[in-house]
Amino acid sequence: MQEKLEFLIALATEKHFGRAAQVCGVSQPNLSAAIKQLETTLGVPLVDRGARFIGFTAEGERVLDWARRIVGDYKAMRADVEMMKQGLTGTLRLVVVPTALPMVQRLTATVWSMHPGIKITIASHSSTEILSKLENLEAEAGITYLDNEPLGNVDEVPLYYERYHLITAADGPFGARDSVTWEEAATLPLCLLNTTMQNRRIIDRAFAEAGVHAEPMLESNSIIVLTNHLCTGMWSTIMPRIMADSLLLPPTIRAIPIVAPELSTLIGLVVSRRDPQPPLTAALIADARRLAPEMATAA
């Protein structure tokens with residue numbers, strides 16, 4: 001039964017029978033047959049089928065919720081037993097919004113120094129992707145925005161506030177200023193993260209609150225792309241101060257606080273709500289809570 005539920009979760013993640021089968025390491029006919037057996041056992045259709053995967057039925061969505069809980073609890077049980085046998089081991093999969101990447105090593109270094117038997121993987125994703133990966137058991141924890149868009153069924157550990165700055169050429173129109181307004185920033189040729197990123201949606205709301213609309217000249221989902229264009233001196237961008245500091249920008253580029261309104265957004269650790277938490281996740285939560293005051297000061 002557990003294997004069939006894992007197949008269902010993989011199908012929800014990949015939204016394609018062939019890719020889900022590949023992820024699960026089985027043939028597509030075997031995966032399809034297992035899900036049909038699950039439908040027979042439960043006596044309801046779970047998947048809307050056509051020439052390709054269409055979606056889940058209402059019953060399928062409900063079963064999928066249960067599948068995530070059951071498989072998550074089973075994996076937590078296995079991890080708990082392994083910890084009793086050989087201490088805290090395993091791989092901690094952490095997914096992080098791009099602007100939080102400069103701060104993540106403070107947490108991972110603390111976790112690893114406390115628990116050297118574990119491995120850590122870090123991947124950068126949008127806030128929406130982070131919640132999806134937690135829901136589908138593809139990650140143990142995420143670092144994302146806490147106070148802007150709905151988070152769903154997660155537990156949170158607040159860590160620090162992002163504070164937004166205009167990153168611009170020192171010899172540009174506002175390069176000598178101690179602060180600029182959002183209205184002024186909107187007049188510059190901007191390169192910004194694209195609208196799949198919550199960072200960009202936060203920035204757009206700040207412009208709207210200031211009564212202006214900013215049309216960026218360049219958009220990307222990559223901080224590296226923005227940085228390379230920024231260093232030409234032709235473009236400006238808006239990003240948290242901690243991110244700008246981590247990029248080691250040349251002295252020809254300045255970070256200037258943006259006011260009217262002053263904007264800060266809360267960044268924190270999120271994990272799927274479960275009681276008890278798996279040992280790795282519980283250790284991460286405890287370490288994050290201890291480290292939060294230091295991270296808040298550093299940001």
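How many disulfides does a search of the whole structure find? In this predicted model, the search returns zero disulfides. The sulfur of Cys 191 illustrates the result, since the closest cysteine sulfur, which belongs to Cys 231, lies 9.7 Å away and is therefore too far for a bond. Cys 191 itself counts as buried, with a relative accessibility of 0%, whereas Cys 24 is partly exposed, at a relative accessible area of 26%.

The overall architecture of the protein chain comprises eleven helices and twelve strands. Taken along the principal axes, the C-alpha atoms of the chain fill a box of roughly 70 × 50 × 30 Å. Of the 299 residues in the chain, 46% are buried. Among the contacts with a separation of 6 or more, 74% are accounted for by residues that stand 24 or more positions apart.

Towards the start of the numbering, the packing of two helices can be described in detail. Two packed helices are described by the angle between their axes and the distance between the axes. For helix α2 (residues 17-24) and helix α3 (residues 28-42), the axes come within 8 Å and cross at roughly 100°, and the two helices are therefore roughly perpendicular to each other. On the side of α2 the contact is made by Phe 17, Gly 18, Ala 20, Ala 21 and Cys 24, while α3 contributes Gln 28, Leu 31, Ser 32 and Ile 35. Sorted by class, this contact of α2 with α3 holds six nonpolar and three polar residues, and no charged residues. The loop between α1 (2-14) and α2 contains Lys 15, a residue other than glycine whose phi nevertheless takes a positive value, near 55°. Lys 15 is exposed, with a relative accessible area of 54%.

Helix α4 (residues 58-86) contains Gly 60, which counts as buried at 0% relative accessibility. When residues up to four places away in sequence are not counted, Gly 60 touches Pro 45 and Leu 46. With respect to Ala 20, one of the residues of α2 in the contact with α3, Gly 60 is 40 residues apart in sequence and 16 Å apart in space, C-alpha to C-alpha.

The lengths of two further helices were compared with expectation. The 14 residues of helix α5 (residues 101-114) should span 20 Å at 1.5 Å a residue, and the end C-alpha atoms are 21 Å apart, which agrees. Within α5, the buried residues are Pro 102, Met 103, Val 104, Leu 107, Thr 108 and Val 111. Helix α8 (residues 198-209), with twelve residues, reaches 16 Å from its first C-alpha to its last, close to the 16 Å expected at 1.5 Å a residue. In α8, the buried residues include the polar or charged side chains of Gln 198, Asn 199 and Arg 200, and Ile 202, Ile 203, Ala 206 and Phe 207 are buried as well. Just after α8, Gly 211 takes a positive phi of about 80°.

Several features of the backbone fall in loops later in the chain. Leu 248 is found in the loop between α10 (241-246) and β11, and its phi, near 50°, is a positive value in a residue other than glycine. At 74% relative accessibility, Leu 248 counts as exposed. The loop between β11 (253-259) and β12 is the place of Pro 261, which is joined to Ala 260 by a cis peptide bond with omega of about 0°. A cis peptide bond also runs from Asp 275 to Pro 276, with omega near 5°, and Pro 276 lies in the loop between β12 and α11.

The loop between β12 (264-272) and α11 (279-298) also holds Pro 278, which at 15% relative accessibility counts as buried. Although Pro 278 and Ala 79 are 199 residues apart in sequence, the two are 6.5 Å apart in space, C-alpha to C-alpha. Thr 281, in helix α11, counts as buried at 3% relative accessibility. Leaving aside residues up to four places away in sequence, Thr 281 touches Glu 140 and Val 271.

Definitions and conventions:
Residues numbered from 1 in each chain as written. Heavy atoms only, no water. Axes fitted to C-alpha atoms, helices over the stretch in contact; angles between N-to-C directions. Helix = DSSP H or I, 4+ residues; strand = E, 2+ residues; numbered from the N terminus. Parallel < 35°, antiparallel > 145°, perpendicular 65-115°, else oblique. Contact = heavy atoms within 4.5 Å. Expected span 1.5 Å × (residues − 1). Buried < 20%, exposed > 50% of the residue type's maximum accessible area, 1.4 Å probe, protein only. Disulfide = S-S within 2.5 Å.
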